[in-house]
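Welcome, and thank you for joining this tour. Please open the model in your viewer and keep the selection tool at hand. We will begin with one small detail and work outward from there.

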Amino acid sequence: MKSILLPAIAGLILAAPALAQDRPESSLKTVRSATRSATIEPAAAGFVSGAQVYPFSEGTIFQVYAAPGLVTDIMLQPGESLVAVASGDTVRWVIGDTTSGSGEGKQTHVLVKPFSAGLLTNLVITTDRRAYHVRLVSTSATALSSMRWTYPQDELLALRRKAEAAQAAAPVATGLAVEQLHFNYAISGDRPVWRPLRVFDDGAKTYVEFPASLANGEAPPLFVVGADGKAELVNYRLRDRFYVVDRIFDTAELRLGLKKQQVVRIDRVSRTTKRRGA
């Protein structure tokens, strides 16, 4: 039995170095493939007035071509502050930074220049907003004069904020006539700083108007009280200093606090006594 096992063990020992060599090579191929897939090269459609413009994306490697005797300007986002610049080859590449403009429009420029053609290195630029990964390639005479980025995520966020601001500035309701509004609601209970000024409806929606101080504190949740006396949380939207409820209710309560709860009650009463203009 021992004579049979010994050749097999010897064969495994001899094969082990070959297996150890195959694994690093396979890993290197994986890294090279992933790096190529993540790298974006300059494209004709990306040039704007002589500058190559890349859409910024986290994890993307942006390729830059440079040449001896020429400076390539890598421009960061206006208002972005440079933290650090690191390169794999600081001996054969000249790398520096400068700024232009002032105030919110102040812009950082990272300047690169190779000593000779045929060089390859990487550049990592960290700022107060993001990290850039750049692949630097030197040629004999062709170089990008400048490059910069667009920031789709920032632009989308700006549009979203603009839409939210426009919505907040819009009137609570439009197309309503005074004669359509019903103010037959009585407010009772505690008198916290957020106690509503008035409550009214337009026949379909109920509006609870709060004082301006509501923006400076915690907003109370609104509960609708059923005929059985049970309170249920109701869906509503906060528009400026109004709660907009997509229904009409007879009784509701605003409650805030745990140990010492403040409760303000809202009751719908006879229209003949509370309707404006009656």
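Start by selecting Thr 121 and Gly 88: the backbone nitrogen of Gly 88 is 3.4 Å from a polar atom of the Thr 121 side chain. Now add Asp 89, whose backbone nitrogen lies 3.1 Å from a polar atom of that Thr 121 side chain. Do bear in mind as you look that this is a predicted model.

**Around Thr 121**

Keep Thr 121 selected and colour strand E9, the strand where Thr 121 has its place. Is Thr 121 buried or exposed? Thr 121 has a relative accessible area of 9%, and under 20% counts as buried, so Thr 121 is buried.

Next, show what surrounds this residue. Leaving aside residues up to four places away in sequence, Thr 121 touches Ser 87, Gly 88, Asp 89, Trp 93, Val 134, Arg 135 and Leu 136. Pick Leu 136 from that group and draw a line between the two C-alpha atoms: Thr 121 and Leu 136 are 5.3 Å apart in space, with their positions 15 residues apart in sequence.

**Into the largest core**

Stay with strand E9, residues 120-127, and move to Leu 123. The largest nonpolar core has 20 residues, and the members that touch the most others are Ile 74, Leu 123 and Trp 149. Which elements give two or more residues to this core? They are strand E4 (61-66), E8, E9, strand E10 (131-138) and E11.

Show the neighbours of Leu 123 as sticks. Apart from residues up to four places away in sequence, Leu 123 touches Ile 74, Val 85, Ala 86, Ser 87, Ile 95, Val 110, Val 112, Tyr 132, His 133, Val 134 and Leu 136.

**Strand E5, covered on both faces**

From Ile 74, select the whole of strand E5, residues 72-75. Thr 72 and Ile 74 are buried on one side of E5, and Asp 73 and Met 75 are buried on the other, so that both faces are covered.

Now bring in the strands beside E5. Strand E8 (residues 107-114) runs antiparallel to E5, and four bridges join them. Look for Thr 72 and Val 112 here, since Val 112 in E8 is the bridge partner of Thr 72. Strand E11 (residues 146-150) runs parallel to E5, with two bridges between them. In E11, find Met 147, which stands opposite Ile 74.

**Across to a five-stranded sheet**

Clear the selection and go to another part of the chain. Which order do the strands take in the open sheet of five? The order is E12-E20-E19-E15-E16, and the pairing is antiparallel. Strand E12 (185-189) and strand E16 (231-233) are the edge strands, each pairing on one side only. From one strand to the next, the twist averages 30°.

Zoom in on E12 and strand E20 (residues 262-268), an antiparallel pair joined by five bridges. Select Ala 186 to see Asp 267 of E20 standing opposite.

**The whole chain**

Finally, zoom out to the full protein chain. You will find three helices and 20 strands. Of its 278 residues, 31% count as buried. Among contacts between residues at least 6 apart in sequence, 61% join residues at least 24 apart. Turn on the surface to finish: the accessible surface comes to about 17100 Å², and 55% of it belongs to carbon and sulfur atoms.

Technical notes:
Residues numbered from 1 in each chain as written. Predicted model: local features only at pLDDT ≥ 70, side-chain atom pairs only at ≥ 80, totals over all residues. Heavy atoms only, no water. Axes fitted to C-alpha atoms, helices over the stretch in contact; angles between N-to-C directions. Buried < 20%, exposed > 50% of the residue type's maximum accessible area, 1.4 Å probe, protein only. Core = buried A, V, L, I, M, F, W, Y, C linked by side-chain atoms within 4.5 Å. Contact = heavy atoms within 4.5 Å. Polar contact = N/O pair within 3.5 Å; in protein donor to acceptor, adjacent residues only side chain to side chain. Areas by Shrake-Rupley, 256 points an atom, 1.4 Å probe, with all protein chains shown as cover.
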